[in-house]
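Please consider how the chain shown below is arranged in space. The explanation proceeds from the sheets to the interior and then to the empty spaces.

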Amino acid sequence: GLYWQYLSPISAVTAAAVTAGLRLEKALCREVAGANGKQLVAVKATDKLLVGDKLVSRLIISADRDMDYIHLREMRAAGVQPDQNISGYQYQDGTSYYQAISDMTTDLYFDHMAKGTHVIEYPVHVSHAGSFAAGTATIESFYAPEFSTHTEGIRLDVQ
C-alpha cells in the first residue's frame, strides 16, 4: 500500500469518506440535570461551555465484519480532562477493550470486535477556559491498515 502523510490545521480536517470495513463517529455530550434526572445533550460548535461542565465523550464504531486487533485513538482538547486517570481493561456495550489514558489522548485496544455497532462512552470534565481544538478520533486494524477511518475535528469554546 501507499500512504500519504502531511500536516494540516485540525480545523481543516474533515471526516474520512465512508468505506467498507469501519465507520467511526465522535461526539461530545454535556450532562445536564433535567426533569427526569441527568440527560446528555450533544455539544454543538456554537455552544459555550463553562469550566466545570461534565461532558461525555461518545465514540460510535460500526464494523461490517468481525475484526481482531483494532486500535482507536481519540485526541482530547487541551482544556478537557478525563474523570478516570487509571488505564485498564473496560467492558461496555458487550465489548471489552484496554483503555490507556495519556495527557493528550485516550487509546482503546480491542482484541476482538464483533460485527455491528458499538457505543463507547467515558466521562470528561472541562478544566480550563479558552478556545480548544478537540482533535480527531482514528481507528485502524493492526494487521490490515486498509481498514481505517477518522472523524472530523471538534472545536470547543469555554468561558
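The following paragraphs describe the strands, the cores, two individual residues, and the cavity and pocket.

This is a predicted model, in which local features need pLDDT of at least 70 and side-chain atom pairs count only at pLDDT 80 or more, while totals for chains, interfaces and linings use all residues. Residues are numbered from 1 along each chain as its sequence is written, and side-chain values use heavy atoms, with hydrogens and water left out.

We begin with the sheets. Strands of a sheet pair through backbone hydrogen bonds, in either a parallel or an antiparallel manner. Here strands are DSSP runs (E, at least two residues), numbered from the N terminus, and two strands pair if DSSP finds at least two bridges between them. One open sheet consists of six strands in the order 7-8-9-5-12-13, with antiparallel pairing. Its edges are strand 7 (88-92) and strand 13 (148-150); each has a single partner strand, so one side of each is left without a neighbour in the sheet. From one strand to the next, the twist averages 20° (axes are lines fitted to C-alpha atoms, and angles run from 0 to 180 degrees between N-to-C directions). Within this sheet, eight bridges join strand 5 and strand 9 in the antiparallel sense; aspartate 68, for example, has histidine 112 in strand 9 as its bridge partner.

Another open sheet has five strands in the order 2-1-4-10-6, and its pairing is antiparallel as well. Strand 2 (37-42) and strand 6 stand at its edges, each with a single partner strand, so one side of each lacks a neighbour in the sheet. Neighbouring strands of this sheet are turned by 40° against each other on average, direction ignored. Strand 4 pairs with strand 10 (residues 116-126) over 10 antiparallel bridges, and leucine 59 stands opposite isoleucine 120 in strand 10. Strand 6 (residues 80-82) is joined to strand 10 by three antiparallel bridges. Among the facing residues are valine 80 and valine 126, and glutamine 81 has histidine 125 as its bridge partner.

Strand 14 (residues 155-158) pairs with two strands that run in opposite senses relative to it: strand 3 (residues 48-49) is parallel to strand 14, with two bridges, and strand 11 (residues 130-133) is antiparallel to strand 14, with four bridges. Leucine 49 has valine 158 as its bridge partner, while serine 131 stands opposite aspartate 157. Leu156 and Val158 form the covered face of strand 14, and Arg155 and Asp157 the uncovered one.

We turn next to the interior. In soluble globular proteins, nonpolar side chains tend to be buried together. A nonpolar core is a set of buried Ala, Val, Leu, Ile, Met, Phe, Trp, Tyr and Cys residues joined through side-chain atoms within 4.5 Å; buried means under 20% relative accessible area, exposed over 50%, and partly exposed in between (1.4 Å probe, protein chains only). The largest nonpolar core has 17 residues, and those with the most contacts inside it include Leu22, Leu72, Leu108 and Phe110. Strands 1 (22-34), 4 (54-63), 5 (67-75), 9 (105-113) and 12 (137-141) each supply at least two residues of this core. A second, separate core of 14 residues includes Leu28, Leu49, Phe132 and Leu156.

Contact means heavy atoms within 4.5 Å. Apart from neighbours within four places in sequence, leucine 108 is in contact with residues including Leu59, Leu72, Gln99 and Ile120. Glutamine 99 itself lies in strand 8 (residues 95-101) and is buried, with a relative accessible area of 2%. By contrast, tyrosine 69, in strand 5, is partly exposed, with a relative accessible area of 40%. The phi of tyrosine 69 is near 55°, a positive value in a residue other than glycine.

Finally, we consider the empty spaces. On a 1 Å grid over the protein atoms alone, a cavity is a set of points where a 1.4 Å probe fits but cannot get out, and a pocket is an open set with protein on both sides within 12 Å along at least five of seven lines; lining residues have an atom within 4 Å of a point. Grid points are joined across faces, edges and corners, and a volume is the space filled by probe spheres set on the points. The largest cavity holds about 60 Å³ of space, and its lining includes Leu28, Val80 and Leu156. The largest pocket has a volume of about 1100 Å³. Of the 26 residues that line this pocket, the closest to its centre are Trp4, Gln5, Tyr6, Thr138 and His150.
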